[in-house]
Amino acid sequence: MKIAIDCRYLGMSGIGKYLSGILENLDFEKNDYTLVGRKEKLTEIKQNFSPAYCEDSPFSLKGLFRFPSKRVNECDVFLTPNFLIPYGIKCKIFSTIHDVVFLDIKECNNGYFDYRIKKHLLKRALACSEKVFTVSNFSQERIIHYFPKHSNKIIISGCSVTKDIIEYENPNGQIDKEEILLYVGNIKKHKGLRILLDAYERIKKENRHYRLQIIGNA
């Protein structure tokens, strides 16, 4: 089978890490892969595949309309780790919707116009895709809440995991017994960090000795 994958997210946190987990667990000998992305990132992948270079951000208009769709259409399947599906793709599409937080919490958007664009792109992804992957029961329920017409397309696949996490060993050979509250994720408004910080302040007032660690990109 010939499979094209949108790899423009490589190097990013969040979706980029999710995509890395997918790529690390593929059998590149079993199928023929065409990877679409920036040349700098594709050259780091030490596998047998056909590159299709695209330097445009997947979050831009150029990324939606100036995409190597002709190369992709030579394949049987197109897989994207997000819901931003470039125009011009005619082969079978499999996409990913991690969540619909932008619909649940409208304050996360940059105004009403931004909200309408994101909702349109989510709806378009569901309409264009053969199947849509999501990461949890909760996300599946929220997607169906807004788009019940496409409920039969949504598959819970969970988050992909890279090998460095699977093979990680504690170099000290023991668990740190310090009480730590750990947050891992992007430092963005819709991630709810304000709620976490408020909760942490309450814990400190109760004289409970936890240390808060926040790991992520802005």
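I began with the charge over Y87: in this predicted model, R124 lies over the face of the Y87 ring, at 3.7 Å from the ring centre. I then looked for another case and found K118 over the face of F102, with 3.9 Å to the ring centre.

**Aromatic pairs**

I counted aromatic pairs next and got seven in the structure. I noted F28 and Y33 first: the ring centres are 4.9 Å apart and the planes stand at 50 degrees, so this pair is tilted. A stacked label would have needed planes under 30 degrees apart. I checked burial here too; F28 and Y33 are both buried.

I went back to Y87 for its partner. The rings of F65 and Y87 have a centre distance of 4.7 Å and planes at 0 degrees, so I logged the pair as stacked. F65 belongs to helix α3, residues 61–65, while Y87 sits in the loop between β4 (77–79) and β5 (92–96), so the pair ties together parts that are 22 residues apart in sequence. I looked up accessibility for each ring. F65 is exposed, with a relative accessible area of 55%; the cut-off for that label is over 50%. Y87 has 30% and is partly exposed.

**Sheet**

I traced the strands and found seven of them in an open sheet, in the order β3-β2-β1-β4-β5-β6-β7, with parallel pairing. β3 (50–53) and β7 (154–156) are the edge strands, each pairing on one side only. Averaged over neighbouring strands of this sheet, and with direction ignored, the turn of one against the other is 20 degrees.

I looked more closely at β1, residues 2–6, which pairs with β4 in the parallel sense over three bridges. Which residue of β4 is the bridge partner of I5? I found L79.

I then asked what packs on the sheet. Helix α1, residues 15–24, does so, and I listed its touches as β1, β2 (32–37), β4, β5 and β6 (131–134). The direction of α1 makes about 155 degrees with that of β1.

**Core**

The largest nonpolar core has 45 residues, and I noted I5, L23 and L35 as those that touch the most other members. I checked where the core residues come from: β1, α1, β2, β4 and α6 (112–128) each supply at least two.

I pulled the contacts of L35, leaving out residues up to four places away in sequence. L35 touches I5, C7, L23, F28, L42, I45, F49, S50, P51 and A52. This list includes I5 and L23 from the core entry, and also F28, whose ring pairs with Y33.

**Two single residues**

I looked up T80, in the loop between β4 and β5. Is T80 buried or exposed? Its relative accessibility is 0%, so T80 counts as buried. Beyond its neighbours within four places in sequence, T80 is in contact with D6, Y9, I85, F94, S95 and T96.

I finished with K41, placed in helix α2, residues 39–42. With neighbours within four places in sequence set aside, K41 has contacts with L10 and G11. For K41 and G11 I recorded a separation of 30 residues in sequence and a C-alpha to C-alpha distance of 7.4 Å.

How values were computed: Residues are numbered from 1 along each chain as its sequence is written. This is a predicted model: local features need pLDDT of at least 70, side-chain atom pairs count only at pLDDT 80 or more; totals for chains, interfaces and linings use all residues. Side-chain values use heavy atoms; hydrogens and water are left out. Rings of Phe, Tyr and Trp (its six-membered ring) pair if their centres lie within 6.5 Å; planes under 30 degrees apart count as stacked, over 60 as edge-to-face and the rest as tilted. Buried means under 20% relative accessible area, exposed over 50%, partly exposed in between (1.4 Å probe, protein chains only). Helices (H or I, at least four residues) and strands (E, at least two) are DSSP runs, numbered from the N terminus. A charge sits over a ring if NZ of Lys or CZ of Arg is within 6 Å of the ring centre and within 35 degrees of the ring normal. Contact means heavy atoms within 4.5 Å. Two strands pair if DSSP finds at least two bridges between them. Axes are lines fitted to C-alpha atoms, for helices over the stretch in contact, and angles run from 0 to 180 degrees between N-to-C directions. A nonpolar core is a set of buried Ala, Val, Leu, Ile, Met, Phe, Trp, Tyr and Cys residues joined through side-chain atoms within 4.5 Å.
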